[in-house]
Amino acid sequence: MSKMQKISVLLFLAWVSFLFYAGIALFTGGFLLTRLELSNHSSCREPPGPGSLPWGSRGEPGACWMASRFSRVVLVLIDALRFDFAQPQRSHVPGEPPVSLPFLGKLGSLQRILEIQPHHARLYQSKAHPPTTTMQRLKALTTGSLPTFIDAGSNFASYAIVEDNLIKQLTNAGRRVVFMGDDTWKDLFPGAFSQAFFFPSFNVRDLHTVDNGILEHLYPTMDSGEWDVLIAHFLGVDHCGHKHGPYHPEMAKKLSQMDQVIQELVERLENDTLLVVIGDHGMTMSGDHGGDSELEISAALFLYSPAALFPSAPPEEPEVIPQISLVPTLALLLGLPIPFGNIGEVIAELFSEVEDSQPHFSALAQASALHLNAQQVSRFLYTYSAAAQDLQVKELHRLQNLFSKASADYQRLLQSPQRAEAALQTVIPELQQFLRGVQAMCLESWARFSLIRMAVGAAILAAACFLCLLVSQWATSPGFCFHRLLLIPMAWGLAGAIVCAGLLATTELKLDPVILGAMAAVGSLLPFLWKASADWGSKRPLAALLPIPGPVLLLLLIRFAAFFSDSFVVAEARATPFLLGSLILLLVVRLHWEGRLLPPKLLTIPRLGFSAPTGPPRHNGVQALGLGVGLLLCIRLAGLFHRCPEETPACRSSPWLSPLASMVGGRAKNLWYGACVGALVALLAAVRLWLRRYGDLKSPEPPVLFVRWGLPVMVLGTAAYWALASGADEAPPRLRALVAGASVVLPRAVAGLAASGLMLLLWRPVTVLVKAATGAPKSRTVLAPFSGPPTSQADLDYVVPQIYRHMQEEFRGRLERAKPQRPLTVAARQLGSVYSAAVVTALTLLAFPLLLLHAERISLVFLLLFLQSFLLLHLLAAGIPITTPGPFTVPWQAVSAWALMATQTFYSTGHQPVFPAIHWHAAFVGFPEGHGSSTWLPALLVGANTFASHLLFAVGCPLLLLWPFLCESQGPQKRRQPPGNEAEEEEEPLMEMRLRDVPHHFNAALLQLGLKYLFVLGIQILACALAASVLRRHLMVWKVFAPKFIFEAVGFIVSSVGLFLGIALVMRVDGAVNSWFRQLVLAQQR
Ligand SMILES: [Zn+2]
């Protein structure tokens, strides 16, 4: 019976977690754009395809795929230069005065040049691919590919572009690239520039710093002549949009300033130089960008050269081209290979032979540029489709055939130039058709938000949260039935999903596992909710579903709302301790308040059917205040270990987060080392003290032996490893090999010890030892394993006396043989803390290997963390009255505080929810030589380092339920017993045995606790998902919200698994305790 309940609880928790996973996966699939990133590079020596190299390259020294047309380029990137910003003021109706908008007609110099020198200049409307955020656009503008957020196989440690790109090709060819402006380029192309002037880009309210900085250096640099490519990235227009929007007079001023810049540049240009003025994206009516609306994706592109560029005058309406066209065009114009992953199409017009009067030669030159471009794109497609499967096979085949045909036509054209003119009419469109087809296919598979997936994913997340709230409320209500509620709807959902999958399998439709998972989730959720509403809808109004007390609800709402602000997400490291501190103060105040107002008898614990008053509440005001102050102190101290987000340049990260090996001073280093080892020893001592306080460390049970001997060995191993790691460079050469060997062996040994300790714990989780103690006969060591109103008559009649008799007979005999002279008494210690002892032991065993993955000084944080959890549990326990015989509930404030502490610890251990802040060195702990080709092991190590706090707090979550029972044993000496009470044994604290006695309530409480914790975490991930989708056009979406969502999602998965394991551990212990009792009973009956 009880076993079935346990299985139901675990299954239900697994199912709820699955609902969340399905929602997360579906949302991620719609939100994060993915494609595989290739590391191949184009080079001059390798032409992109077979066949003779075209035109121009023959015999010319230094020529690459194509002879260069310009030796120098000035690239002026005006951030957010929307296409219509470059247009003149025009009237819609002829004869009326032109519409006067602040952003229209301010770039007058472009118009003047277009009118005066029509063969030298051209204005295009360039279409950017979403997401239209600066960093993604810069990636596209240099690689010629589509932007993605996660590039599979990319290097998360930095933003640096690893794909082949224009800047890399330029530096490979020995060209001098000078950069000035937005410091995003510094992250994208570290060390690539021969000269660079970076200015901070983060403050969008500052319109002038970057632009004025550029202007200070632009003309002197240009005049110095020490450059081949000059890039100036102005940010004023973009920031003006963010601050004022495009309809503000400031915008007119800013654009006029840019006009001035262009005019001055044009005057300084020489004949061999090309001027490119480009906007990376547009902006909406309110001045924002990031999404895919027409105003955001249309940007201006202006080309000019003092030498004639075009054979014809510009068309009436500027041509529309994809923005990435600039990449292959610039590469070929500068005589560079086109970047390997480019899928852009060259602007063919620019490759016409302007001087040549024959149109035939002009077209041939265009065809050869297009053909080179097509060859390069085809080579990329071939390589990409061999490595990844996300492109549609059918379309791929069609495009390959198209390319083969166009290529054959082109070769024929070269061999028989006499019929060239007619053939050219077919070759050029064929090549263009191929290139455009490839772009469309890639766009389809790589770069589109799927709003439906995002919405359904968020809806599943919201429904799962609602479900958690609903069931956590029911779990402790009377008449709650496990099987009916949990198993039937799950069976329905599972059956439905299997039928769906079966149907789809027979129709041979290839289905995304993500969609299948989502279908299973929705399929099982709907019958459940329907059944639930049928069962409870009439009895429980919806208002009763909001059981969260006001202050906690407010706190959760604040936390929910904070995910929608980039500043708050960035400042979460400081906001979380504040919220936690507020909650603790609230708890202390409330406790004090209640302790005064409630008469003591309301907090009494009836026991064995007698309603005996137990005296004052477990904490008085001073104690609660002390706990609160201690907690706040811990939070403050842990706050000393902080790592600054890169968005706040004024903030300075704590130097204590770095490993000791990076310290130079010998004395300071030794002191720190001593402090770290001291923290380790203190941690060990605290755990052992705790275990001894509630039980006994002298029993010969394997887990107890392990705690006594294994843990100190682990501490020794860790300390020795730290000594080696921090001083490895100072080791004498003779010992190098030994040191290297030890730094491999030690961490692995510690991890192995921890793993074997956990196995031992699972094998023999009952550390209760029937033990004979020496001493006074009436010491308080005897625990009756039974309490409360009897759950069955058999218990009352048999268990207690039997256990006693059994113990006494067994041990008297054994001990009389050993030490016959001493007086004896028999004790079953630790029964009262059997659950929490297992959880605390498991936590300690987990904490040591996790600690090893961090820098040494984080051990102080771990010590603080253990102390802080201890204090928090004590404080919370004080506020939870034990209501025997059940139902037991863990209040919302306890669960919220626990979740907040997990977040606080995440930051205090030196983490930040951004990819560059991940502690990559963790992958090399125990593997100093790296991992070879294996990727899962380093990923596991880095993941364990990053989500250590999530894991520890989730596994430790059952302590929230157990601790109040533990606190019952505050010591019998404190509790004044009324004279003439019942027998002494019955007054002994029963502690956690109260839970065992009412399995139904115990299981319901575990289920409720798990669901509450999942709810608190669930609304965080829901908030992140909603923030990311609502703010998908926000400036910071790819820098702040998307990484936050990913970290929160992985953190949720780790937490849910940890929670499951923690609850399963408690149930395993419970099962073992039950069989222990059963054995005693059986032994007695024999
Ligand atoms: Zn931008």
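**Cores, a zinc site and a surface patch**

In this predicted model, Leu-333 belongs to helix 10, which spans residues 326-333. A good starting point is whether this leucine is buried or exposed. With a relative accessible area of 2%, Leu-333 is buried, because the cut-off for that label is under 20%. Its surroundings come from several stretches of the chain: setting aside neighbours within four places in sequence, Leu-333 is in contact with Ser-68, Arg-69, Phe-70, Leu-274, Leu-350 and Phe-351. One of these partners, Leu-274, is 59 residues away in sequence, yet the C-alpha atoms of Leu-333 and Leu-274 are 9.3 Å apart in space.

It helps to step back and look at the nonpolar interior. The largest nonpolar core holds 180 residues, and within it Phe-31, Leu-960 and Tyr-1013 touch the most other members. Helix 34 (residues 1037-1085) supplies the largest share of this core, with 20 residues. Leu-333 is found elsewhere, in another core of 83 residues that lies apart from the largest one and also includes Leu-75, Ala-367 and Cys-442. As a general background, nonpolar side chains tend to be buried together in soluble globular proteins.

The model also contains a zinc ion, and the next thing to ask is which residues coordinate it. The donors are two OD entries from Asp-79, OG1 of Thr-134, OD of Asp-280 and NE2 of His-281, at 2.0 to 2.7 Å. Along the chain, these donors follow the spacing D-x54-T-x145-D-H. Thr-134 and Asp-280 link distant parts of the chain, being 146 residues apart: Thr-134 sits in helix 3 (residues 134-143), while Asp-280 sits in the loop between strand 8 (273-278) and helix 9 (294-297). Thr-134 has 10% relative accessibility and so counts as buried. Asp-280 is buried too, with a value of 0%.

Ala-80 deserves a look of its own. This residue is placed in the loop between strand 2 (72-78) and helix 2 (108-116), and its relative accessible area of 0% makes it buried. The backbone of Ala-80 has a phi near 65°, a positive value in a residue other than glycine. For context, most residues other than glycine have a negative phi.

Finally, the surface has a nonpolar feature as well. Met-4, Ile-7 and Leu-11 form a patch there, with about 240 Å² of accessible area together. Ile-7 is part of helix 1 (residues 2-31). Because its relative accessibility is 43%, Ile-7 counts as partly exposed, in contrast to Leu-333, which is buried.

Methods
Residues are numbered from 1 along each chain as its sequence is written. This is a predicted model: local features need pLDDT of at least 70, side-chain atom pairs count only at pLDDT 80 or more; totals for chains, interfaces and linings use all residues. Side-chain values use heavy atoms; hydrogens and water are left out. Patches are made of residues with over 30% relative accessible area and no salt bridge: like charges are joined within 9 Å, nonpolar side chains (Val, Leu, Ile, Met, Phe, Trp, Tyr) within 5 Å. Accessible areas come from the Shrake-Rupley method with a 1.4 Å probe; for residues, only the protein chains shown count as cover. A salt bridge is a side-chain nitrogen of Lys or Arg within 4 Å of a carboxyl oxygen of Asp or Glu. Helices (H or I, at least four residues) and strands (E, at least two) are DSSP runs, numbered from the N terminus. Buried means under 20% relative accessible area, exposed over 50%, partly exposed in between (1.4 Å probe, protein chains only). Contact means heavy atoms within 4.5 Å. Donors are N, O and S atoms within 2.8 Å of the metal (3.2 Å for Na, K and Ca); water is not among the atoms, so sites may look incomplete. A nonpolar core is a set of buried Ala, Val, Leu, Ile, Met, Phe, Trp, Tyr and Cys residues joined through side-chain atoms within 4.5 Å.
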